[in-house]
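Hi,

Here is the structure I promised to send over. Please have a look at it first, and then read on for what turned up.

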Amino acid sequence: MDALLQSLQPLFAPAFEVFGSPISWTELLAFVLAVWMVLCNMRVHVLAWPLALTSSLLYFLLFWSGKLYGEAALQLVFAALAIWGWWQWLRGRDQQGHVLKVRVMSARARWLALSAVLLAWPLLGLWLDRQTDSSVPYWDAFPTVASLLGQYLLGRKYQENWGVWMVVNTVSVTLFAYKGYWLTVLLYAVFIPMSVAGWRAWQRQLQPA
C-alpha cells in the first residue's frame, strides 16, 4: 500500500491551504464528486452510484494516508456497495417483486438496524484499537458502522437512510476536523443540511411500504 501511495504522490500535492492545512488535489476532487453524488441521490438519479464509486476510491487513498483505517476500509466497502446500489436502482425489486421505489422501514426493521449498529460499533472500535495504530479507534468506528447501514438503506431506497446520514455527517465533521481535513470538514458540514433536504425530497416521492 505504501508503494501505491508513493506512486500517487502528485495526487497528494497541495492545491491550496485552509487554516494552514494543505488541501490536496485528491481531497478536492473527491469533494466535488461527493457533492454531485448527494445531489443525484436527492433526485433518485442513478448517476449517483458511479460518482459514489469514484469518490470512495479517492477518499480511500486520502484516509489511508492519514491513518484513518476504519474510514479508509469503509471507502472500499462503499465502492463495492456503489456497484451493488447501481444494480439495485437499475434492476432491484422489493419483496413483492415490484421495481424499487422510495419507501419506509417497518418499526421492527428500525430497531434491528439500531441494535446492529450499537453492537458492531464497540466491536470494530476494539479491533481498530488492538490491531492498528489508529489514534481514534472508537471515534473512527462509529461513522464506519453507521455508514454501512446508511449505504444499505440508500441502495434499497429506504427514506431512513437520510436520518442515518444526518448522524454520520455530524460525527464525521468533528473527526475530520481533528485530523485536519478541512475541505472534508466543509463537505460533511454541507452534507448535514443536504441530508435534511434529501429526507424532504424523498418524502414527496414516498410510496406506501
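Let me start with α8, keeping in mind that this is a predicted model. The helix has 24 residues, and at 1.5 Å a residue they should span 34 Å; the C-alpha atoms at its two ends are 34 Å apart, so expectation and model agree. Along the way, α8 has a kink of about 30 degrees at I192, shortly before the proline P193. A good number of its residues are buried, among them L183, L187, Y188, F191, M194 and W202.

Two of those buried residues lead on to a cavity. The structure holds one cavity of 30 Å³ or more, and its volume is about 360 Å³. It is lined by 27 residues, and Y188 and F191 are among the closest to its centre, together with M37, F78 and W165. The lining is made up of 16 nonpolar residues, 10 polar ones and one charged residue. Besides α8 (182-205), the helices α2 (25-42), α3 (48-65), α4 (69-91), α6 (137-155) and α7 (161-179) each supply at least two residues of this lining.

Then there is the packing. Which residues touch the most other members of the largest nonpolar core? They are Y59, F63, F176, L187 and W202, out of 55 residues in that core. The elements giving two or more residues to this core are α2, α3, α4, α5 (107-131), α6, α7 and α8, with the largest share, 10 residues, coming from α3.

Best wishes

Conventions
Residues numbered from 1 in each chain as written. Predicted model: local features only at pLDDT ≥ 70, side-chain atom pairs only at ≥ 80, totals over all residues. Heavy atoms only, no water. 1 Å grid on protein atoms, 1.4 Å probe; cavity = no way out; pocket = protein on both sides within 12 Å on 5 of 7 lines; lining within 4 Å. Points joined across faces, edges and corners; volume = space filled by probe spheres on them. Helix = DSSP H or I, 4+ residues; strand = E, 2+ residues; numbered from the N terminus. Nonpolar A, V, L, I, M, F, W, Y, C, P; charged D, E, K, R; others polar. Expected span 1.5 Å × (residues − 1). Bend = angle between axes of the 7 residues up to and from the residue. Buried < 20%, exposed > 50% of the residue type's maximum accessible area, 1.4 Å probe, protein only. Core = buried A, V, L, I, M, F, W, Y, C linked by side-chain atoms within 4.5 Å.
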